Amino acid sequence: MAKWGMVIDLDKCTGCQACTTACAMENTRLPGENWQDVLFYHEGKYPNVSVKWFPRPCMHCENPSCVSACPTRATYKDPNGGYVLIDWNKCIGCKACMVACPYGVRFYVDEKPLVRPDVRSAFPGKGGRTWDPPYRAPQDDPSRGIGIQPNGVVSKCTFCYHKTSTAPKGVADLDEDDPRTKEHTPACVRVCPPKARYFGDLDNPASKVNKLIADKRGVRLLDHTGNKPQVYYLAGGAGPAVPSSRETHKA
Amino acid sequence: MSAETLPRGGNAGFAIGVVGVLITGAWVIWQLMTQGHVAFNMSSDGLMWGLPIVAYDFLLMSACGAAIVAALGIAVGVRDFEPLARRATWVALALMIGAAAALLLELGHPVRSLYTIPLNLQVKSPLFWKYLSIVVLGITLLALAANWLAKGEESRPKTALTVAGIAATFAVLTGALLYATLAMRPFWHSGEVPLMMLLEAVLGGLAFTLLAARAAGDRDGQSSAHAARWVAPLVVLTLLFLAFRAVVGLASNLDGLQVWNKVVGSAAFWVEIVFLLLALWLTATAAKRASDGMQTLAMILVIVALAIGKYEFVIAGQLVPLFKGSWAYGLIQYAPSATEWALAALSVFLAYAVYAFGASRFRLAG
Amino acid sequence: MGIVESIFESRLTRRRFLQATAASGAAAAAGGGLKTLAPAELKAQPVTGQTKITKNICHQCPARCGIDVYTTDGRVHAIYGSTEHPISNGKLCPKGPLGIYVLYDPDRFKGPMKRTNPKKGRNEDPKFVPISWDEALNTVAARLNALRDKGESHRFCLVYGRGWGASCAGLQGTFGKLYGSPNVAIGHSSMCSDGSIKARQFTDGNGGYNAHDYRNCNYLLFFGASFLDAFRPYNNNMQIWGYLRGEKSPKTRVTAVDVHMNTTLAASDRALLIKPGTDGALALAIAHVILTEGLWEKSFVGDFKDGVNRFKTGQTVDPKDFDEKWVKGLVEWWNIELKDRTPAWAAGVTTLYERDIVATAREFGTTRPAMAIFERGAHAHSNGVYNAMAIHTLNALVGSLFAKGGLMYQMGVPYGPLPVKADDYMDEYAKNGPWKQYPRIDLKGHPDGYLLANNMLQEVGPNSLAGKPYKLDTIMFYQSNPIWTAPNGQVWEKALAELFVITTDPFPSETAMFADVILPDHTYLERLQDAPTYPFEGWPLTQLRVPAIKPLYDTKYFGDTLIEIGKRIKGPMGEYYKALGNSENVIRALAKGFESAPGDNGVKDFESWKEKGVWYRKPYLWQQRNGEFYEWDGKAYAKKMTAEEVKAKLLKTPSGKFEIRSGLLEANADWIAAKTGRDKAKLMFPIWEEPKHPGGGDLYMSTPKLALHAEGRGANLPMAIALFQPILGGRDRVWIEIHPETARKRGIADGDRVRVKSSVGAIEGYCRYFEGTRPDTIVFPMEHGHWAMGRWAKGRSPGHSGEVTVNFSDRITGQCCYYTTKVSIEKA
C-alpha cells in the first residue's frame, strides 16, 4: 500500500495558480471552492516589500484532526494510499471538520456564491447534485467525495483519487513526464509549469519525493499541531521552519 | 404572575410561543427551501459556525445545566435545589427541544445525522460522545416528564435524575472538548474551556429555572430565593474565567489571540460584564432575593449575559482566518443574516412554547 | 501502541459492530429501514463513453501552447498541455485549463444576428434578431459591392486583433488587394508593443519581437515584461524558470524592474521599483558602468586599439581610438549622450538607490550570457522609443545578440503556396481604382500621420469620426474590441455609431453592442485553424487547432466567413474565392509545404499535422560566437558567415551592424525633427528624454496584465474572476493598488470607494493599501470594468482604465502610450 505524499518546491513555484485552475477544471469546482489554493502574503514598507506565496492542497495528514472531529465517519483515512476522503452519503454538513482543520482546506458550498451571478443558476443541478455544468468531469464517486457534490456536504481535495488510485501498483512516483504515469498524476502536479510539485510514495525509499524531502530539508506546515501532513515544502537554505518535536525526539 | 392568574388548559405564554414559532418558522423554512443555506452569512473563508450554532449551543448547554440542577437537588441532595427539581427538569427538556430545532435547521442533512452518528461509531470524535449523552439525557428527561411531571406524584426519582445529571455533565464536557482540542485556534484551545462551559451551563440552567419559578408565582418564589444564593458564587466564577481569559488573550503575542482586542473593544463584552455584576448585586442579599421584580430582572440579565458570552466564544474563535492568505483580509467581518436571527428566535419561541405547555399542564412546583 | 492510542484507533466499522453484536439482525434491519427515511443515497454514476483526445492550441494569450483536449460523451471536460508540444511540454499556465468555460460560455452568440434598433449607445439594446448565414453574408457583400460600385471601396476597413495564422488573418491582405481598400487589414500592433518592434528595427534591423535562448542564459534583466505574470510564452517562461532557478548549474540570477511589486519581482534576486517612464535612464546608467568599468564584450563590440579603456565619466573619447566590430556609433553615443549618464544621475531620475543601479550593472556586465528584456512598460511613454533603444543596446554591449543564451529572431515557416494566385484575379479596379489615391484611415506611413509606424489602430475610430483623412462607411472586426481596448474608447463609441459595423466576435463584446451584423466565429475548441508560433526560440514552429467537438451553435470560422464574403463580391474577386473554396483547402495547401521540410516529429502533411498538432524544425540556423557569426551546416554552427551574409540575414541595418547610431532614424531625421521637435544631432541615438504626461493628474497609472487574464478573454469566466488578483486578495472585487501614504494624504481609507479622473474621463472602484506600489503611482489590472461581454463580466469595478487614458502615441513608433496618462484619485 502506498502512502501518497506531495512535495512542493517553493524555490521554483512562481505563484501562477495554474494548480488551482487545473484542479478546478479536473474536479469541476465552483468559483471560490479552492480545493487547491495558492496563498499570498506580503509585509514590509515601500520600497522593501516582500511578497510570499505557497500552494496549499489538502495535506492528507497522517493524524488528521478532521477525522477525529467528524461525528459520522463521513471523513475518513483510507489506509490504501493514505488519502483522507469524505463520504458524501454520510456527511451531515455539521462543519466540525472545517473548524478542526488547521489548514483551511475544506469547503461548504451551501453559502453565498463568491462570484455573482451564481454559476449554479446558470447550470442548475439535477439528481440531488448542486449543479450540472456541460463541462462536468466524467468521474463520479460520492463515497469518496469525487464528482459534483450534493447540497449540504463538505468537500475537499482528494489527491485526485480517481487518477492516483488507479496508478500501476508499486510505482514509486507519479510523474507527468513519464508516459506510464502521466494520466495518473494529480492535476495540480501535472500542470505545474516550473515543475514545482512532485507526487510519490512516502513509504518507498526509492521515491523521488523522499529524496527531495531529505536533500532539500522538506518541512511540514504548522507542525506543532501534530497533524503530520503528507505534503512537504522545500524552501531552500538551512531550513526555515521549526519541525514538530514529536518527529525529532521520538520517545 | 401568580398561579391563580394562569388560565387552565392553555395559557397566554403557550399562545405567544406557538405564534412566534409559526411566524419565524414559516420565514426560516421558506428561506431554506428557496435559497438553502445561502440565506446564512457563513462562509468557507473563516466563519463556518454562526448564530444558529450559537443559539443551539447556548440553549443546549443551559438545558444540560438545568438537568444538573435537578439532579443536584434530588439525587445529590442539595437542599436549595430540591424544590426546583421538577421545574428544572421541564425547563431542561424545553430548552433541549429549542436547541434541537436550531441545530437541525442549520445542518446540511439533519435527518441523516440522527442515525449516522450512533451507527457509525466514530469514537474519536467528541461530537459522537456528545450525541450519545444528549440522547441518553433526552430519553431520561422524556421518561421523567411522562412519569413524574405529568402524573404529578410525590416522588423522588433518584436513579433517573442521577442518569440525567451524569449525561448532562458529560454532554457539556464533550461538547466543550471539540473546541478545546483545537490547538491552532488558541482562542478556544485549553483545558479550562470544558470547566468554564460546565460552569456557564449550570449558571444558565439555574437562571432559566429561577426565571420560570418567579413567573410561576409566590409559592415557588420562596424556594427560588434560597436557590438564588447559588447565583452569586457562580457569577463570580464566571467573571473570573472571563477576566483571566481576556487578560491572557490580551497579554499574549500568540497568533490568533489578537481577536481579544476586538472582543474587549466591543460594547457587547462590557454589557456582558455589567449585566453579570448587576445580577451579582441583585442576588447578594436575602432581602433582594425575596423580591420578585429584582429576581426576574437578575435572571434575565444573567441569561442575556451568558448568551452574549456564548456568541463571543463561538464567533470570535473563528474571526482570525486560518490559512486563507490574502483571500481573507484582517479579521473576518460577520453579522448574522435575517434568516439566522429568525432561526435563533424560532428556537427560543419553541423552547418557550414547550415550557409554557408543560407549565400549564404539569405539576412543576415543589 | 499505547492504551490511549488503541482505544482511539478506529477499528470498529459499522459493519463489524453489527456483526459482533447479538442484536445484529435487528440492528441491520433497523439500519435498512431507517435508510428509506433519508434522502436517496447517491450512487456513483459510471463513466460511459470513451474519452477522445484532440490537439488544439490555447487561445488565452499569444503563446500558442499546444493542448490536449479531453472529450467524453460529447462533453469537453479537460484541457492539459500536450506533452509533445515544444512550448507547452505537457504544462499550462492558469488560463489554459479554463478554456473549456469559453466554449460553454452561456452568453455566447448562438448564430448570425442583425441589429433592429437603429440607435447605438452604451445603454441602447441592439435588439438583435437571428438571421441565416445567407442573409448575413449577403448583407455584408451587398454593402461592400455598393461601395465598390461607387468607387468608395477605401471606406471599408477591416480591423483585427489576435490574428492567428494564414487561414484567418493571413487571408486579409489578399482580400484588401482584390477588393481595393488600403484599410484591409489594420492590425493592433500599435496598441500592443510596436515600440519595442520599431526600436529593434532602428538598432539591429529586425522589426519583430525577439526569440530567446533562456535555457543557456546566466543573467536576466527584466524591464517590465513581467516574466512570471504575463510575458509570453508565459507557460514556457515558467517552465524555464523552474529549470533556471531550481535545476540549472549555475543558477541563473535575475533582476527585475517594474513600478509595483508582483510575483516576477518577488521571485527575482533583486526588485527595482522604478519611476514610470524612466527605464531609459536606468539602461543608460547601466551602459555607462559597462563602458567605464571595461565590462563590454570586446569580441562583439570591438575595443580600443591599444586596449586601454578611455571611457571615463564626463570625458569625451576620440572615435578614431576605437575599433568597432559589430556595433556602429558607440563612441559618438558616449560623447553625445552617455558620458554624463552616471548611476548617481540615474538614481535621481528613477528614484532607485545608486548602490542598486551599480550592483545591477556590474552583475549584468560580468555575467555571460546576459539578456536585457523589455516590452511595453518601458516604451509606452512619450520617450518610449529611446527607452527601448537604450535597453536593447545593452544586449549589444554584452554580446548576446544571436549568441547562445541570448536573443535572436523567429524564423518563418515553409508553408506551401495557396492553390489559387490572387494576382490572376485582379481586375482594373483593383489595379488602378480611385481607392489608390487615398491614404490609410489611420495615416500609417503618411507624413501627416505616423510615417514610420506599422499600424495606428488607435487612430482609426478618432480619424473616421473627425473625417480626417475621410470618414469610413463600413467597418469589420476580427478578434478586436476597440471600444474596450482603445484608449479613450468613448471616442470609438461615437465613431461606430456612424458606421455600419460588422463583428465576428463569438461574445457580446462592447463593440458587438454597436454592431449592425454579427457573424460569430467558432470558439477555439471548435476550430480548424493554423497558428505559426509567436517568437519563441527562433527555430520555425507552426501548429494546428483541431475541433474537439462539432460547433455547439450556428457559428462559422472567420477564415470561412471572409472567403464566403469574398465569393459574393462581383467580378474576378468572387471567382478567386470560389476557386479557393474554404479554409480547410487553405490549410491543406499550407501543409503541403511540409513535404519537403518534414518536422522533427515526423509531421509531413495535413493528416500528420492534425494528429500531432504541431510542426517544427530545429535548430535555429545561426549563432554568434566570440564575435563571429556561423550558420548551421547540418551538424554544427560551423559555417562562418561573411559580413554581407550577416547583413542580409541577421543585422539587417544599412551598415550590417548593430546601429547605436540608427541609420533608419537618421534617414528620417528631417521628418522626425519637424514633427517632434527633437534635435537632429541626437535623435538617432538612445538618449534620455524627460517623459511628458498628458491627463492632468498627479499620479501615474499602470494597468498590468495578470496571470489570469493576459489578452483579456477571462472577463466572463467566473473561475478566472475568483482568482484574479491574488497578491491583494482581489477576486469578486478587484482592487486599485495605492500606497498608504498617498491614500491618507487624500483622505482615502483602506477599502474606500474611489474615483480616478483624468482629462478624458473618470471611473470608480475600490482601493486597497499596498506598500508594494510606488507612492506616485496607482496600479490596477485592465481586465474589469466591462459594460457588456456577459453576465459575469458586466459591471465589475474598477472601471475600465481606457476611459481615463488619453489617446497619445509615440510619433516615431506609433506606439499607443497606455502608461503615460497621469490621473488623480479622490474618495468617491
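At what angle do the axes of helix α2 (residues 51-76) of chain B and helix α7 (residues 192-216) of chain B cross? Before you select them, note that this is a predicted model, in which local features need pLDDT of at least 70 and side-chain atom pairs count only at pLDDT 80 or more, while totals for chains, interfaces and linings use all residues. Residues are numbered from 1 along each chain as its sequence is written, chains are lettered from A and ligands numbered from 1 in the order in which they are written, and side-chain values use heavy atoms, with hydrogens and water left out.

**First stop: two helices of chain B**

Select residues 51-76 and 192-216 of chain B, and you have α2 and α7, whose axes come within 6 Å and cross at roughly 75°. Helices here are DSSP runs of H or I with at least four residues, strands are runs of E with at least two, and both are numbered from the N terminus. The axes are lines fitted to C-alpha atoms, for helices over the stretch in contact, and the angles run from 0 to 180 degrees between N-to-C directions. The crossing angle makes α2(B) roughly perpendicular to α7(B), since angles under 35 degrees count as roughly parallel, over 145 as roughly antiparallel, 65 to 115 as roughly perpendicular and the rest as oblique. Now show side chains: among the residues of α2(B) that meet α7(B) are B:Phe58, B:Met61 and B:Gly65, and the partners in α7(B) include B:Leu198, B:Ala201 and B:Phe208, where contact means heavy atoms within 4.5 Å. By class, this contact has ten nonpolar, five polar and no charged residues; Ala, Val, Leu, Ile, Met, Phe, Trp, Tyr, Cys and Pro count as nonpolar, Asp, Glu, Lys and Arg as charged, and the others, Gly among them, as polar.

While chain B is in view, go to B:Phe323 in the loop between α13 (292-316) and α14 (338-361), where this residue has a positive phi of about 60° although it is not a glycine.

**Second stop: from chain B to chain A**

Which residues form a salt bridge between these two chains? Select B:Glu106 and A:Lys95, whose closest N and O atoms are 3.5 Å apart; a salt bridge is a side-chain nitrogen of Lys or Arg within 4 Å of a carboxyl oxygen of Asp or Glu. The count between chain A and chain B is one. The contact takes in 47 residues of chain A and 40 residues of chain B, and the two chains bury about 3500 Å² between them, 57% of it on carbon and sulfur atoms. Buried area is the accessible area (1.4 Å probe) that two parts lose on being put together, summed over both.

**Third stop: from chain A to chain C**

Next, colour the contact of chain A with chain C, to which chain A gives 63 residues and chain C gives 69. About 5500 Å² is buried here, with 61% from carbon and sulfur atoms, and A:Met25, A:Tyr46 and A:Tyr135 supply 13% of the area that chain A buries against chain C, more than any other three residues. Three salt bridges are found across this interface, and you can look at the one that joins C:Glu771 to A:Lys45, at 3.4 Å from N to O. Stay with A:Tyr46 and follow the chain to A:Pro47, because the peptide bond between them is cis, with omega near -5°. A:Pro47 lies in the loop between β2 (37-45) and β3 (48-56) of chain A.

**Fourth stop: inside chain C**

Finally, select residues 279-292 and 354-366 of chain C, which are helices α10 and α14, with axes that come within 9 Å and cross at roughly 60°. That angle makes α10(C) oblique to α14(C). Residues in this contact include C:Leu282 and C:Ile286 of α10(C), and C:Ile357 and C:Phe364 of α14(C), and the classes are eight nonpolar, two polar and one charged. A last selection is C:Lys468 with C:Pro469, where the peptide bond is cis, with omega near 5°.
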